[in-house]
Amino acid sequence: MSGKIAAGTVRALACAGLLGLLLHVPYGVAATIRQLVDVVDIKNVSISPNGRLVAFRTEQASIERNTYETVWYVQPVDGTSPPRRLAEGGEMLSDGGGSSKPELPVWSSDGKWIFFRAVHDARIEVWRAAVDGSRTEQLTYGTANVRTFSLNPDGSVLYYSVGATRQAVSDAELAEYGQGVHIDRTVMLGETLFRSGFQDGRLATQRLRGGVRLPLLSDVPDHWKALNLSTGVTTELASDQHPASPVKVADLPDIDGVISRVAEDRSTGRIAMLTGRPSAVGRPSVVLAMLRSRKSSRLVKCTAEPCTGKQITDIVWRPGSDEILFTVSERDGELQQSIFRWNVVTGDVLPVVRSRGQITGGGRWGPEPCAASASALVCVAAEADVPPRLERIDLESGSRTVLFAPNQMLAQDMKEFVRVRFVTWTDAQGRRYTGQFYPSAAKDGRPPPLFVVYYRCTGFLRGSVGDEWPLATFARSGIAALCINAAPLVDDAAARYQQGLSSVEGAVKLLAREGAIDPTRVGMGGLSFGSEVTVWTAMHSDLLRAISVSSPVVTPMGSLMMSLGGEEEHSRMRRYWQLGTLEETPGHWRQLSPTYHIERMRTPVLMQMPEQEFRYSLDFIVPLIRRHRADVYVFPHEQHQKSQPRHKLAVYQRNLDWFRFWLLGEEDADPAKASQYATWRQMRQNLPAVQPH
């Protein structure tokens, strides 16, 4: 069976019973859940060479097709006319963790075309679209997927690289299937061995290389070609004819500290960079600096107050100037991100804009700078209660103009029905925390219960990292919700978890004191680090009535499965969790791993896990299932963050059902959910400590 057929079959199966999840749910609740899945994201923002036009791509989930519809647009930067639809962008290119990969379009030198890679029918080729909307055309036709591409200075030649042919990749997968998979350090033992996840528009067999999941034969070297755009003739390039690549960290001289980001000023060759000293967890101390060329070894550092001791996340050159535009992400206060401009000649730093939410080039969880022209930035802006839209920000005045607002109906709905309040508090040790609070109405004279999600609360909140807990829907359903920003992380794992527990305790005390929540009915959830803190809080306190997690926690089985990674994996375990082998650090294993404390898990647990991860915690999961303390669902072909729209809808709905059951004592009347509630009622009978009051 081909990868294309497999992918189509999986999506068709996932689409079965589309309306089932939405039956017997009040319209307002169902509509809100679906609206959260249907949010239009704006990505890959890029300004034309003359600074007059901005190109961008939208991504929107299609629940019916169980995929994402992507579209390229272009619009005047001054906002004098609405966006013009140029072309379909193909299927979403995954970054390997469940999110889309950032990939800017390439402009022709005359600004009349944008060039981009697109996935259609599991084939990645280069396309171009005329910005006047007159034409869209596929440019490359090959037996192998295009990995990267560029244009020569005058835009007459397209250079592109390919790897192994699609047939060779499929043959390699089938050869392993027939002959057996050789187990080595690249094989992820806890995951499906054959065509385990979506890569490049198809189900692909994956291997771990450099800490990233990649398809088979991804280590085949780049093979470069040149396409003459006038004649249509393609020629093979010798190794000494490969086009110059954008500056990379490996191209730069050794400096003091680790380089995390670079940005080159193409007109002068100057290089902006972020450097820092690594930490086991969290973020290193970041330094904003500049090199005069790739060969220079003398750093010019920004020493002004806005550059010092700050969490700088994005950098980009202001065209035709001596200024680097940099973004500071703030932990304290409601102002979440600010942009400044640093003049590398005079040393002056001036503010451009402050926002109470995100202002990026479209990235939600990772760095992605706004697009810059000589006079303006074009950014994707979003706040906890306002969904993404495209804005122009004047570099001199900081004035903001909305260019494109594709989520206006949801924005109006949020404004009318949901109120989000920024809150701050301190724990018993005086540490300060921040979060976004969704109040809910009291019922029968009793304050509402509270759901807490822990990790990061940036941009428009669809459920914190992973988008699994529909906070706005909780609030409309009678459950107040709070997203907590994790405090700066410390190296010691137990201290990190205890810090999370303290933040939840402090938040509950604050909101209970205000009469905003009922402290006897609190639930909690999280993904990744948020899952770890949630389980720790359930183990070490009586605070929680029910929890929901979507990622494995540290367990002996997970350590065993990953131990083939050798010293790299052992080093990671020591850095992040201070764990050696079971023989080397038995006491610390017993302190950190919930596998040794099943009896402490008195709180019912809903686990909605990705297939690529759930096996790493089976020694924790199975004992809980046997004791009727956990209800577990696993989503096929999903990575760290679930990406399939049907899966997202299912996860949202089940989490809503779960916390309505445990915190409100309510059940959905949908007959299709009868077995779900039978399981939960049996769990409740085995957990007298969490019986409803």
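## A hairpin to start with

Asp121 takes a positive phi near 55 degrees in the hairpin of β6 and β7, where 2 residues lie between the strands. Please keep in mind as you look around that this is a predicted model.

The two strands of this hairpin run antiparallel, and 8 bridges join β6 (residues 113-120) to β7. To see the pairing up close, find Phe115, which stands opposite Arg128 in β7.

## Following β7 onward

Strand β7 covers residues 123-130 and is mostly covered, with 7 of its 8 residues buried. Its other partner here is β8 (residues 136-138): the two run antiparallel and are joined by 3 bridges. Trp127 stands opposite Gln138 in β8.

A second hairpin links this pair. Between β7 and β8 there are 5 residues, and Gly133 in this hairpin takes a positive phi near 80 degrees.

## Two nonpolar cores

Now let us turn to the interior. The largest nonpolar core has 52 residues, and those with the most contacts inside it are Phe437, Leu450, Leu482, Leu592 and Met601. Helix α6 (residues 493-513) gives the largest share of this core, 9 residues. Apart from this core lies another of 45 residues, including Val37, Cys457, Val465 and Ile479.

## A look at Leu592

Which residues does Leu592 touch, leaving out those up to four places away in sequence? They are Ala493, Ala494, Tyr497, Trp536, Val554, Trp577 and Leu579. Of these, Ala493, Ala494 and Tyr497 fall within the residue range of helix α6, 493-513. Leu592 is also one of the residues with the most contacts inside the largest core.

Technical notes. Residues numbered from 1 in each chain as written. Predicted model: local features only at pLDDT ≥ 70, side-chain atom pairs only at ≥ 80, totals over all residues. Heavy atoms only, no water. Buried < 20%, exposed > 50% of the residue type's maximum accessible area, 1.4 Å probe, protein only. Helix = DSSP H or I, 4+ residues; strand = E, 2+ residues; numbered from the N terminus. Pairing = 2+ DSSP bridges. Core = buried A, V, L, I, M, F, W, Y, C linked by side-chain atoms within 4.5 Å. Contact = heavy atoms within 4.5 Å.
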